[in-house]
Amino acid sequence: MCLSANNATPDRIAEGLETIEVALRRIDYWEVEWPEPEALQSRQPFCVDTLTFPQWLQFVFLPKMRQIVEQERPLPAVSGMAPMAEEFFRPEPVTGQEVIDELARLDQLLSNQ
């Protein structure tokens with residue numbers, strides 16, 4: 001089975017998604033409660049007007065990517081989330097480096113660089 005023409009296999013993507021969740025939990029950036037439905041309806045990239053970047057990862061990115069993998073749909077051909085994570089974590093009290101590193105790995109897998 002091949003979901004895309006690049007090196008991003010479903011197993012590698014699924015593993016990366018799990019690693020991101022574990023990293024967010026480890027640094028205590030994982031939320032117990034879901035945001036209000038309106039917050040998830042933002043039309044802005046990464047829901048910047050309604051969610052923090054870790055919330056966007058948890059409530060938008062991870063579920064959508066898991067669904068894509070489970071349904072064997074084509075993977076996105078381009079990704080650039082690591083720079084967004086770097087910007088978010090720059091002023092934060094934790095580095096978020098594990099999250100950033102895993103997003104960079106996924107960016108590379110999806111972009112086939």
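Leaving aside neighbours within four places in sequence, which residues is Val94 in contact with? In this predicted model, the partners of Val94 are Ile27, Tyr29 and Phe89. Val94 sits in the loop between H3 and H4, and with a relative accessible area of 26% this residue is partly exposed. If you look for Phe53 from there, you will find its C-alpha atom 14 Å from that of Val94, with the two positions 41 residues apart in sequence. Val94 is a handy starting point for a walk through the helices on either side of its loop.

Let us begin with that pair of helices. Packed helices can be described by the angle between their axes and the distance between those axes. Helix H3 covers residues 82-89 and helix H4 covers residues 97-111; their axes lie 8 Å apart, at an angle of about 165°. An angle over 145 degrees counts as roughly antiparallel, and so H3 is roughly antiparallel to H4. The crossing of H3 past H4 is left-handed. On the H3 side, the contact is made by Ala82, Pro83, Ala85, Glu86 and Phe89, while H4 brings Val99, Ile100, Leu103, Ala104 and Asp107. Sorted by class, the residues of this contact are 8 nonpolar and 2 charged, with no polar ones.

Now stay with H3 and look at which of its residues are hidden. Ala82, Ala85, Phe88 and Phe89 are the buried residues of this helix. They lie on the same side of H3, because they cover an arc of only 120° around the axis. The general geometry helps here: an α-helix has 3.6 residues a turn, so residues three or four places apart point the same way. The buried residues of H3 pack against two helices, H4 and helix H2, which spans 53-70.

Phe88 deserves a closer look. This residue of helix H3 has a relative accessible area of 18%, and since buried means under 20%, Phe88 counts as buried. Not counting residues up to four places away in sequence, Phe88 touches Tyr29, Thr52, Phe53 and Pro54. Tyr29 may look familiar, as it is also in contact with Val94. Arg26 lies 62 residues from Phe88 along the chain, and the C-alpha atoms of the two are separated by 17 Å.

From H3 we can move on to Leu103, which is found in helix H4. Is Leu103 buried or exposed? With 0% relative accessibility, Leu103 counts as buried. Beyond its neighbours within four places in sequence, Leu103 is in contact with Ile20, Phe53, Leu57, Met81, Ala82 and Ala85. Two of these, Ala82 and Ala85, are among the buried residues of H3. Leu103 also has a link in space to an early part of the chain: Gly16 is 87 residues away in sequence, yet the C-alpha atoms are 7.9 Å apart.

That brings us to helix H1, made up of residues 10-26. The axes of H1 and H4 come within 9 Å of each other and cross at roughly 165°. These two helices are therefore roughly antiparallel, and their crossing is left-handed. Residues of H1 in this contact include Arg12, Ile13, Gly16, Leu17, Ile20 and Leu24, and they meet a set in H4 that includes Val99, Glu102, Leu103, Leu106 and Leu110. By class, the contact of H1 with H4 has 10 nonpolar, 2 polar and 6 charged residues.

Finally, turn to the loops. Most residues other than glycine have a negative phi. The loop between H1 and H2 holds Asp28, whose phi is near 65°, a positive value in a residue that is not glycine. Asp28 counts as exposed, at 64% relative accessibility. Phe46 is found in the loop between H1 and H2 too, and has a positive phi of about 60° although it is not a glycine. With a relative accessible area of 22%, Phe46 is partly exposed. Further along, the loop between H2 and H3 contains Arg73, which counts as partly exposed at 36% relative accessibility. Arg73 and Gln58 are 15 residues apart along the chain, and their C-alpha atoms are separated by 20 Å.

Key:
Residues are numbered from 1 along each chain as its sequence is written. This is a predicted model: local features need pLDDT of at least 70, side-chain atom pairs count only at pLDDT 80 or more; totals for chains, interfaces and linings use all residues. Side-chain values use heavy atoms; hydrogens and water are left out. Axes are lines fitted to C-alpha atoms, for helices over the stretch in contact, and angles run from 0 to 180 degrees between N-to-C directions. Helices (H or I, at least four residues) and strands (E, at least two) are DSSP runs, numbered from the N terminus. Angles under 35 degrees count as roughly parallel, over 145 as roughly antiparallel, 65 to 115 as roughly perpendicular and the rest as oblique. A crossing is left-handed if the near helix is turned anticlockwise from the far one by less than a right angle, and right-handed if clockwise. Contact means heavy atoms within 4.5 Å. Ala, Val, Leu, Ile, Met, Phe, Trp, Tyr, Cys and Pro count as nonpolar, Asp, Glu, Lys and Arg as charged, and the others, Gly among them, as polar. Buried means under 20% relative accessible area, exposed over 50%, partly exposed in between (1.4 Å probe, protein chains only). The arc is that of the directions from the helix axis to the C-beta atoms.
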